[in-house]
Amino acid sequence: MKFLECAPLDRLNDFLSNLNLGERTIKGCLEAYSCKHAGTDKKLSISLENEILDYLGKSSDTDSSSPDEILFSRSSRRTLVYLVLTLYHMYPDYDFSAVKAHQFFTEESWDSFKQIFDTYMFEASKEWVETVGGVSLLDALFKALDEVVKLVDCEIYGYVPDSEADPLLERGAIWSFNFLFYNRKLKRIVTFRFSCFSNWITDGFLIDEIHDEDEEIFADMDI
């Protein structure tokens, strides 16, 4: 996978990189990748493919109606490998399992993505209108994605792992989402990750510590 410099995404990344909304901060990032193997990708993709095949062999021996039977399709396995390779490039310090990651990928439509975006990025969208103006934040996002990856030909995947498997999970995170827009024809993936953090946690000073200090103060007071 090769990271692609894409000017249409830069404006959105500048706006979303550290959007302070008072009590909360939104952090968003859009990245584009070519599906062409680079560096250790080929070796890793073979390893991921073998992991999937081993898993399918074991599951077929025990359960003929496995919910993962879709992975018996070579095309589906290739898609999963591309998606996991992309996660590796997004989070190079995290060790992903193809089988586990498969459980956390959900196929989405633009409408289902839009619903999540409208719900969780409502305040960010208001800030965009007030500071940038012009088209809405969602329309600007649609236009940028369409320029880079041609949305009409895209498969959209959400990656929402549990808390123990989430490389995005940081202390203070209120919520986080990962979406991958995959165009088979262009062999290109655009990722969009966006998270919300509490501003009570700054410079390593945790709100838990504030609570602890308050408890010590009130413990010495007569009420």
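**Figure 1. Helix 5 passes helix 7 in a right-handed crossing.** This close-up, like the others here, comes from a predicted model. The axes of helix 5 (residues 110-120) and helix 7 (residues 137-149) come within 11 Å, and they cross at roughly 140°. That angle makes helix 5 oblique to helix 7, because only angles over 145 degrees would count as roughly antiparallel. On the helix 5 side, look for Trp-110, Phe-113, Lys-114, Phe-117 and Asp-118. They meet Leu-137, Leu-138, Leu-141, Phe-142 and Leu-145 of helix 7. Sort the residues of this contact by type and you get eight nonpolar, no polar and two charged.

**Figure 2. Helix 1 and helix 6 cross at roughly 110°.** Here the pair is helix 1 (residues 7-16) and helix 6 (residues 122-131), with axes that come within 11 Å. The two helices are therefore roughly perpendicular to each other. Helix 1 brings Arg-11, Leu-12 and Phe-15 to the contact, while helix 6 brings Ala-124, Glu-127, Trp-128 and Thr-131. By type, the contact residues split into four nonpolar, one polar and two charged. As for the choice of numbers in these views, two packed helices are described by the angle between their axes and the distance between the axes.

**Figure 3. Glu-108 sits in strand 4 and makes side-chain polar contacts with Thr-106 and Ser-112.** Strand 4 covers residues 105-108. The side chains of Glu-108 and Thr-106 are joined by a polar contact of 2.7 Å. Another polar contact, of 2.8 Å, links the side chain of Glu-108 to that of Ser-112. Beyond its neighbours within four places in sequence, Glu-108 is in contact with Ile-156, Tyr-157, Gly-158 and Phe-179. Glu-155 is worth finding too: Glu-108 and Glu-155 are 47 residues apart in sequence, yet their C-alpha atoms are 7.6 Å apart in space. Is Glu-108 buried or partly exposed? Glu-108 has a relative accessible area of 21% and so counts as partly exposed, since buried would mean under 20%.

**Figure 4. Ser-45 is a buried residue of helix 2.** Helix 2 runs over residues 41-62. Ser-45 has 10% relative accessibility, so it counts as buried. Which residues is Ser-45 in contact with, leaving aside its neighbours within four places in sequence? They are His-37, Val-81 and Leu-85.

**Figure 5. Lys-150 and Lys-187 have positive phi values.** Most residues other than glycine have a negative phi. Phi of Lys-150 is near 55°, and phi of Lys-187 is near 50°. Where are these lysines? Lys-150 lies in the loop between helix 7 and strand 5 (154-159). Lys-187 is in the loop between strand 6 (173-183) and strand 7 (188-198). With 41% relative accessibility, Lys-150 counts as partly exposed.

**Figure 6. The whole chain, for orientation, has eight helices and seven strands.** Use this one to place the close-ups. Of the 223 residues in the chain, 43% are buried. Take the contacts between residues at least 6 apart in sequence: 71% of them join residues at least 24 apart. The Glu-108 and Glu-155 pair from the strand 4 view is 47 residues apart in sequence.

Technical notes: Residues are numbered from 1 along each chain as its sequence is written. This is a predicted model: local features need pLDDT of at least 70, side-chain atom pairs count only at pLDDT 80 or more; totals for chains, interfaces and linings use all residues. Side-chain values use heavy atoms; hydrogens and water are left out. Helices (H or I, at least four residues) and strands (E, at least two) are DSSP runs, numbered from the N terminus. Buried means under 20% relative accessible area, exposed over 50%, partly exposed in between (1.4 Å probe, protein chains only). Contact means heavy atoms within 4.5 Å. A polar contact is a pair of N or O atoms within 3.5 Å; within protein, one must be able to donate a hydrogen and the other to accept it, and residues adjacent in sequence count only if both atoms are side-chain atoms. Axes are lines fitted to C-alpha atoms, for helices over the stretch in contact, and angles run from 0 to 180 degrees between N-to-C directions. Angles under 35 degrees count as roughly parallel, over 145 as roughly antiparallel, 65 to 115 as roughly perpendicular and the rest as oblique. A crossing is left-handed if the near helix is turned anticlockwise from the far one by less than a right angle, and right-handed if clockwise. Ala, Val, Leu, Ile, Met, Phe, Trp, Tyr, Cys and Pro count as nonpolar, Asp, Glu, Lys and Arg as charged, and the others, Gly among them, as polar.
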